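Me: I am new to this structure and would like a close look at a single part of it, taken slowly. Where would you begin, and what else would you then set beside it?

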Amino acid sequence: YIMPKKELTLKISGVEPKDIKLIVITSDNPSAVKIESYDKEFDGSDIKIKAKAVDIGRAKIICKVFLTNGQDASQELEVIVGPIRDFKADEFAIIAKDGGKKDGIDASDIRIVSKHQDIELYGKIEITGIYGKCKINSTEYASEYVSYRNIINKTVKLKVYLKQLDSVAQATLDGVKVIKEGDP
């Protein structure tokens, strides 16, 4: 989820700084857009607002100005936070090889590859109850507690993330192919 790095600004006109009692800026959906900071004092210049996209979704940034005479005014800015790209299942593949036995359980060593070479991505495959995110297009393998023979030539669900610690996926892709290491 990408938001412009530049600060948002709010222009207040027709009011003297001494007539403003309070400025409140909020997000109606802080799980999508979080207000990090804003100018709480009005000195006559534009009010700077720093907001951060934290999840995919819609939010309204609500700016309220309360005057010393009891009047107030508000303005809303609608923000839509979407995935950075439209990822598709056929742009990804799971490469698997026999991982032997781990803790007495059949295992597979897997890695995720993608056509998206220009961006750092992380993936989580839903094969078993134990998941770990691994870096996409890395040469490193991650272990999955599932028999190698049970996943080759199957399709799985893949969740794509921008960061390893992200909790919300950029995309959930059904039908990502699992292929044997060395196969085209």
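Reply: I would begin with S108, which counts as buried because its relative accessibility is 0%, where buried stands for under 20% relative accessible area, exposed for over 50% and partly exposed for what lies in between, with a 1.4 Å probe and protein chains only. The model is a predicted one, in which local features need pLDDT of at least 70 and side-chain atom pairs count only at pLDDT 80 or more, while totals for chains, interfaces and linings use all residues. Residues are numbered from 1 along each chain as its sequence is written, and side-chain values use heavy atoms, with hydrogens and water left out.

S108 belongs to strand β8, which covers residues 105-114; a strand here is a DSSP run (E) of at least two residues, numbered from the N terminus. A polar atom of the S108 side chain lies 2.8 Å from the backbone oxygen of V146, and a polar atom of that side chain also lies 3.1 Å from the backbone nitrogen of Y148.

N69 can be set beside this buried residue, since N69 counts as exposed at 54% relative accessibility. N69 sits in the loop between β5 and β6, and a polar atom of its side chain lies 3.0 Å from the backbone nitrogen of Q71. Between the C-alpha atoms of N69 and I112 there is a separation of 62 Å, although the two residues are 43 residues apart along the chain.

The strands on either side of that loop belong to an open sheet of 3 strands, ordered β2-β5-β6 with antiparallel pairing, where two strands pair if DSSP finds at least two bridges between them. Because β2 (20-27) and β6 (72-81) each have a single partner strand, they stand at the edges, and one side of each is left without a neighbour in the sheet. β5, made of residues 57-67, pairs with β6 in the antiparallel sense over 10 bridges, and within this part of the model R58 stands opposite I80 in β6.

β5 and β6 also help to line the second largest pocket, being the elements that give two or more residues to its lining. β5 provides the largest share of that lining, with 4 residues, and the lining residues include L10, V15, C63, K64, V65, L67, A73, S74 and Q75.

Definitions and conventions. Polar contact = N/O pair within 3.5 Å; in protein donor to acceptor, adjacent residues only side chain to side chain. 1 Å grid on protein atoms, 1.4 Å probe; cavity = no way out; pocket = protein on both sides within 12 Å on 5 of 7 lines; lining within 4 Å.
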